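Please find below a short note on the aromatic side chains of this structure. It is set out as numbered points.

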Amino acid sequence: SSPAVANGVVYVGAEDSKLYAFDAAGVTGCSGSPKTCTPLWTGATGSGISSSPAVASGVVYVGSYDDKLYAFDAAGGGANCTGSAPTRTCTPLWTATTGSSDSSPAVANGVVYVGAGPYLWAFDAAGATGCSGSVLSRTCTPLWKGATSSFTMSSPAVANGVVYVGSYDHKLYAFGVGCNSLGGPCSPIWTATTGDIVHSSPAVA
């Protein structure tokens, strides 16, 4: 995946079904000339990772080809992690099943958004609302999901109370961040038709 950097740590997902955390400064766990580094910790998922991690409020989020979204302790600490670097391993703080491969997630105002299947999904980033189970096996259901007409592998962008995401149905969608407030399914505020599949991530300026 594309790496993400936060608080001196670089996170990257790999096709070996692991999320890796490295010292971004190339100091801890690093040696030799040319210098090589070992991970601070790794987190296992159920399949390969092409989703790029997103980091917010001490949690790193990443999707996997096993049709799940994962949330790990970004510091690699707590009850979910065992061992010491370079073999320290972590289990997720919580997972959510989306039923399809996940796009790269986006986090804003306590909500993590991810595209998967014919939906944009919204989950409580803290793993509280809609979530149940123990600290080592916590699972979450969505706060809401907005329907598109095809696969949604585009990574969402969030700005000014709107979540933007593209789909394989040749459309760009705009959903309100609170579109679940009246209950029921979420409908887009607006859509725009493009000439082909939208796989890239939208940008807002």
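The points that follow concern aromatic pairs, their burial and one charged neighbour.

1. The model is predicted, and the remarks here should be read accordingly. The count of aromatic pairs comes to 13.

2. One of these pairs is formed by Tyr61 and Trp94, whose ring centres are 6.1 Å apart. Their planes meet at 55°, so the pair is classed as tilted; the tilted class takes in angles that are neither under 30 degrees nor over 60. The contact links distant parts of the chain, as Tyr61 belongs to strand β8 (residues 59–64) and Trp94 to strand β12 (residues 94–97), 33 residues apart.

3. Are Tyr61 and Trp94 buried or exposed? Tyr61 has a relative accessibility of 2% and therefore counts as buried. Trp94 is likewise buried, with a relative accessible area of 2%. The cut-off applied for burial is under 20% relative accessible area.

4. A further aromatic pair, Trp121 with Phe123, is stacked: the centres are 6.1 Å apart and the angle between the planes is 0°. Trp121 is buried at a relative accessible area of 6%, and Phe123 is buried at 0%.

5. Which residues make up the aromatic cluster that includes Tyr61 and Trp94? Tyr61, Trp94, Tyr119, Trp121 and Phe123 form one cluster. Both pairs described above thus have their members in this cluster.

6. Tyr119, a member of the cluster, also has a charged neighbour: the charged end of Lys145 sits over the ring of Tyr119, 4.1 Å from the ring centre.

Conventions:
Residues are numbered from 1 along each chain as its sequence is written. This is a predicted model: local features need pLDDT of at least 70, side-chain atom pairs count only at pLDDT 80 or more; totals for chains, interfaces and linings use all residues. Side-chain values use heavy atoms; hydrogens and water are left out. Rings of Phe, Tyr and Trp (its six-membered ring) pair if their centres lie within 6.5 Å; planes under 30 degrees apart count as stacked, over 60 as edge-to-face and the rest as tilted. Helices (H or I, at least four residues) and strands (E, at least two) are DSSP runs, numbered from the N terminus. Buried means under 20% relative accessible area, exposed over 50%, partly exposed in between (1.4 Å probe, protein chains only). A charge sits over a ring if NZ of Lys or CZ of Arg is within 6 Å of the ring centre and within 35 degrees of the ring normal.
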